[in-house]
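Here is a short, friendly walk through one protein model. Have the sequence and the coordinates open as you read, and look up each residue as it comes along.

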Amino acid sequence: MEHLLSLAFRSIFVDNMIFAFFLGMCSFLAVSKNVKTSFGLGVAVTFVLAVTTPVNYLLLTKVLGPNCLANGVDLTYLSFILFIAVIAGIVQIVEMAVEKFSPSLYGALGIFLPLIAVNCAIMGASLFMQQRIGLDPASSQFIGSVWDALIYGLFSGLGWTLSIVLMGAIRERLEYSDVPKPLQGLGITFITVGLMAIAMMCFSGIKL
């Protein structure tokens, strides 16, 4: 339990997909104009991460890894393309669900909802998971079970959601702020993201 809590905390604050690795910045910058659409996209990304990361873990350790199949062949070189296939399938399910149950959110997110499939934060989580399987089990970043993968995917998504919702709230306020004309729009947004990333660095010194 202690390892899972440590992994969850690190996934949100220390190894935040946006502020530590700057993954998923395209949709982060484009959709974070208000809190409502930011939260909607964040929930969708969190769901996709929570499903695809453990599924890809099982795929990697039970099917593609060495000695998983009867003839002992190592198919890990196929992991990249199969990760993409899993992510695309889950994103398609999410897109259909959002269109059916929340047409207004579907319209607000527009092209960025199906583009979750190519959101580098989603693929990055699976690739980081693959990398962390080989770490020392004593490490707080170690992923050695499907539960570790689930916690990592879920809380990485929550960290991404927290980031985009905070950005959405700040940008709503910036609409009514006296921003110098040359910095209006993406200029002040990039500055804000940089300052938020610097603020999040305070968690990097915590020993878990």
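## A loop residue with positive phi

F22 sits in the loop that runs between α1 and α2. In this predicted model, its phi is near 55 degrees, a positive value in a residue other than glycine. That deserves a second look, because most residues other than glycine have a negative phi.

Is F22 buried, partly exposed or exposed? The relative accessible area of F22 is 42%, so the residue counts as partly exposed, the class between 20% and 50%.

## The overall picture

Stepping back from the loop, the secondary structure of the protein amounts to eight helices and zero strands. Along the sequence the pattern reads α-α-α-α-α-α-α-α. The C-alpha trace spans about 65 × 45 × 30 Å along its principal axes.

How does the radius of gyration of the protein, 18 Å, fit with that of a compact globule? For 208 residues such a globule would come near 17 Å, so the value for the protein agrees. Of the 208 residues, 43% count as buried. Among contacts with a separation of 6 or more, 76% are accounted for by residues 24 or more positions apart.

## The nonpolar core

The largest nonpolar core holds 48 residues, and those that touch the most other members are M17, F28, L41, I116, Y152 and W160. Two or more residues of this core come from each of α1 (2-14), α2 (25-31), α3 (35-64), α4 (79-101), α5 (103-109), α6, α7 and α8 (186-200). Which helix gives the most? That is α3, with nine residues.

I116 is a good place to zoom in. Setting aside neighbours within four places in sequence, I116 is in contact with L41, A44, V45, V48, V91 and I122. L41, one of these partners, is also listed among the core residues that touch the most other members.

## How α6 meets α7

Helix α6 (residues 120-132) packs with helix α7 (residues 146-174) at an angle of about 145 degrees, and their axes are 11 Å apart. The crossing of the two is right-handed. On the α6 side, the contact is made by A121, A125, F128, M129 and R132, while α7 brings A149, Y152 and W160. By type, the residues of this contact divide into seven nonpolar, no polar and one charged. Y152 and W160 appear here again, having been named above among the core residues that touch the most other members.

## Two residues to compare

S126 also has its place in helix α6. Its relative accessible area is 0%, so S126 is buried, the cut-off being under 20%. Beyond the neighbours within four places in sequence, S126 is in contact with T52, T53, N56 and F83.

L82 belongs to helix α4. Is L82 buried, partly exposed or exposed? L82 counts as partly exposed because its relative accessibility is 30%. With neighbours within four places left aside, L82 is in contact with N56, L59 and L64. N56 therefore turns up for L82 as well as for S126, given that contact means heavy atoms within 4.5 Å. For a sense of distance, the C-alpha atoms of L82 and E2 are separated by 32 Å, and the two residues are 80 residues apart along the chain.

Terms used:
Residues numbered from 1 in each chain as written. Predicted model: local features only at pLDDT ≥ 70, side-chain atom pairs only at ≥ 80, totals over all residues. Heavy atoms only, no water. Axes fitted to C-alpha atoms, helices over the stretch in contact; angles between N-to-C directions. Helix = DSSP H or I, 4+ residues; strand = E, 2+ residues; numbered from the N terminus. Left-handed = near helix turned anticlockwise from the far one by under 90°. Nonpolar A, V, L, I, M, F, W, Y, C, P; charged D, E, K, R; others polar. Core = buried A, V, L, I, M, F, W, Y, C linked by side-chain atoms within 4.5 Å. Buried < 20%, exposed > 50% of the residue type's maximum accessible area, 1.4 Å probe, protein only. Rg over C-alpha atoms; globule rule 2.2 N^0.38 Å.
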